[in-house]
Amino acid sequence: MSAAEIVLLVIAGAAIVAGLLLWHARRLDRLHRRVLDTRAILETQLGQRSEVAAQLAHSGLLDAASSVVVAEAAWQAGIHADRLIPIDPAHGSIGIRAAAPLTGGLDRGQAESDLTVALRAALGEPADRELMAATSGARELLEQVERCCYRAQLARRFHNEVVVAVLSLRGSWFVRFFHLAGRAPLPRPVDMDDAVFDQAPRT
C-alpha cells in the first residue's frame, strides 16, 4: 500500500469518526431537550390533576373524611411538593437542565402517589362512582378527574420512555469514550403510583 493510500484511509477514518461524533452529539442534544419538554408536560398534567382533585374534595360529593384527605393530598402535591422543572430554566446546558435536581421540599413522587391513593380510596369502585354521578352536576366533574388522571399517566410514561432512551444512548461505549455528555448528570425517571382507575376513560 502506498503512502498516498494510507493517507486517504486515515482521512476516511477520521471523517467517519467525525460523522459519528456529530450524529451522536445531535441525537443526545435532541433527547435532552425532549426530557425537558416531557418534564414540563408532566408538570402541567400533574398540576391539572391536583386542581381537579381539589375541586372534587370541595364539591360535596365525598364524605367528610375523604374530602379532608383528598384536599390535603392535592395541596401537598400541587403546592408544597418539589417541582419537576428547574427553578431557573435558563441555567446550565441542556444536559444539566434535563437532569436538574428537584427544588427541595416534599418528594414529588411520594406526594403524587399519596394523592393517587387518596383519590382511589375516595372514588371507590365503578359502582360507587355511578352512584356519585347520579348527583346533579357530578358526572362532568368525575369525568374530568378521570381524564386528568389518565393524561398524567400518559405524560409520565412518555417522559420515562425518553429518559430510558437518554440513559441507553449515554450508556453506549461511543458516547462514554468521547465524553459527549460532558459532566451532565444522568436524568432520572419519575417514579410514582398513578393508577387511580383500572381502565382508560371512555371517549
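# Working around helix 4

What covers the buried residues of helix 4 in this predicted model includes helix 1 (3-57), helix 2 (64-80), helix 5 (126-133) and helix 6. Let's work outward from there.

**Exercise 1. Find which residues of helix 4 are buried, and which core residue on it to look at first.**

Step 1: go through the helix. Arg108, Gly109, Ala111, Glu112, Ser113, Leu115, Thr116, Ala118, Leu119, Ala122 and Leu123 are buried.

Step 2: hold that list against the largest nonpolar core, which has 27 residues. Those with the most contacts inside this core are Leu56, Val70, Leu115, Leu119, Leu123, Leu142 and Val145. Helix 1, helix 2, helix 4, helix 5 and helix 6 each supply at least two residues of it.

Step 3: pick Leu115. Leaving aside residues up to four places away in sequence, Leu115 touches Arg49, Ser50, Ala53, Val70, Ala73, Ala74 and Ala77.

**Exercise 2. Check the span of helix 4 against its number of residues.**

Step 1: helix 4 covers residues 108-123, so there are 16 residues to count.

Step 2: the rule is 1.5 Å times one less than the number of residues, and for helix 4 that gives 22 Å.

Step 3: compare with the model. The end C-alpha atoms of helix 4 are 22 Å apart, which agrees with the expected span.

**Exercise 3. Describe what sits at the two ends of helix 4.**

Step 1: start at the N-terminal end. Asp107 is the cap here, with a side-chain oxygen 3.3 Å from the backbone nitrogen of Gly109.

Step 2: move to the other end. Gly124 comes just after helix 4 and has a positive phi of about 65°.

**Exercise 4. Is His179 buried or exposed?**

Step 1: locate the residue. His179 is in the segment after helix 7 (173-177).

Step 2: look at its backbone. The phi of His179 is positive, about 55°, although His179 is not a glycine.

Step 3: apply the cut-off. Exposed means over 50% relative accessible area, so His179, at 62%, counts as exposed.

**Exercise 5. Decide where to read the model with care.**

Step 1: take the whole chain. Its mean pLDDT is 87, and 88% of its residues reach 70 or more.

Step 2: find the extremes. Confidence is highest in helix 6 (residues 138-170), at a mean of 95, and lowest in helix 3 (residues 94-98), at 64.

Step 3: draw the lesson. Where pLDDT is low, the predicted coordinates shouldn't be read in detail.

How values were computed
Residues numbered from 1 in each chain as written. Predicted model: local features only at pLDDT ≥ 70, side-chain atom pairs only at ≥ 80, totals over all residues. Heavy atoms only, no water. pLDDT = per-residue confidence, 0-100. Helix = DSSP H or I, 4+ residues; strand = E, 2+ residues; numbered from the N terminus. Buried < 20%, exposed > 50% of the residue type's maximum accessible area, 1.4 Å probe, protein only. Contact = heavy atoms within 4.5 Å. Polar contact = N/O pair within 3.5 Å; in protein donor to acceptor, adjacent residues only side chain to side chain. Core = buried A, V, L, I, M, F, W, Y, C linked by side-chain atoms within 4.5 Å.
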